[in-house]
Amino acid sequence: MVSQRMPGLMVRRVITKMEDAMQPQTQHSEFQGWQRLVGRWATEATHPALPGTVVSGQATFEWLEDQRFLIQRSHYDHPEIPDAIAVIGIIDGKPSMHYFDPRGVHRVFAVDITANTWRFWNDAPGFSQRFTGTLSDDDNTINGQGELSRDDGATWEHDLAITYRRIG
């Protein structure tokens, strides 16, 4: 709860858990740059398996308490693309992302963020994936393209393409 004193009046405002998780906190050096993703995003996605279809949705990025893990929740307004949750953190000294969806899928990705790029990738036998998102100069848009390989990285094909637009 935050209290503010105004002449002759005490004003109180309750901060919700979601608001608290989105507030900048003491940032650990391993997460330099990740604060740029924190917030609410509207998404638009296309997928080769759904030609001519643009799938809208939403994503949120918020810190778990103490800013050691970044939680990403994704929702898509299409039954063929599953909602998901991802947890990004430093595991065994390396940035990694654990992805989960309602199909029971769990994947582990290496992850990286630079001045203008957010990337994650895994090299799983028979089903490798990679994603590159380009951040706009004002950090309010991310244009991303996923790719997959079924032959251990010899050839890559387009997967989910997604644009994130900050809404909060």
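A salt bridge is counted here where a side-chain nitrogen of Lys or Arg lies within 4 Å of a carboxyl oxygen of Asp or Glu. In this predicted model, Arg-36 and Asp-139 form such a pair, with their closest N and O atoms 3.0 Å apart. Arg-36 is located in the loop between α1 (17-22) and β3, and Asp-139 in the loop between β10 (128-135) and β11 (141-149), so this salt bridge ties together parts that are 103 residues apart in sequence. Both Arg-36 and Asp-139 are buried.

**The barrel**

The strands named above belong to a closed barrel of ten strands, in the order β3-β4-β5-β6-β7-β8-β9-β10-β11-β12, with antiparallel pairing. From one strand to the next, the twist averages 25°. Strands of a sheet pair through backbone hydrogen bonds, in either a parallel or an antiparallel arrangement.

Three of the strand pairs may be described in detail. Strand β3 (residues 39-46) runs antiparallel to strand β4 (residues 55-63), and seven bridges join them; Thr-43 has Gly-57 in β4 as its bridge partner. Strand β5 (residues 69-76) pairs with strand β6 (residues 84-91) over six bridges, again in the antiparallel sense, and here the bridge partner of Phe-69 is Gly-89 in β6. Strand β6 is also joined to strand β7 (residues 94-100), by seven antiparallel bridges, with Ile-91 standing opposite Lys-94 in β7. The strands β6 and β7 form a hairpin with two residues between them, and Asp-92 in the turn has a positive phi of about 50°.

**Salt bridges**

The structure holds six salt bridges. Among them are the following.

| Basic residue | Acidic residue | Closest N to O distance |
|---|---|---|
| Arg-36 | Asp-139 | 3.0 Å |
| Arg-103 | Asp-101 | 2.4 Å |
| Arg-130 | Glu-147 | 2.7 Å |

The side chains of Arg-130 and Glu-147 meet in a salt bridge. Arg-130 lies in strand β10 and Glu-147 in strand β11, so the contact ties together parts that are 17 residues apart in sequence. Arg-130 has a relative accessible area of 32% and is therefore partly exposed; Glu-147, at 21%, is likewise partly exposed. The cut-off matters for Glu-147, because buried means under 20% relative accessible area.

In the salt bridge between Arg-103 and Asp-101, the two residues fall into separate classes of exposure. Arg-103 is exposed, with a relative accessible area of 54%, whereas Asp-101 is buried, with a relative accessible area of 8%.

Methods. Residues numbered from 1 in each chain as written. Predicted model: local features only at pLDDT ≥ 70, side-chain atom pairs only at ≥ 80, totals over all residues. Heavy atoms only, no water. Pairing = 2+ DSSP bridges. Helix = DSSP H or I, 4+ residues; strand = E, 2+ residues; numbered from the N terminus. Axes fitted to C-alpha atoms, helices over the stretch in contact; angles between N-to-C directions. Buried < 20%, exposed > 50% of the residue type's maximum accessible area, 1.4 Å probe, protein only.
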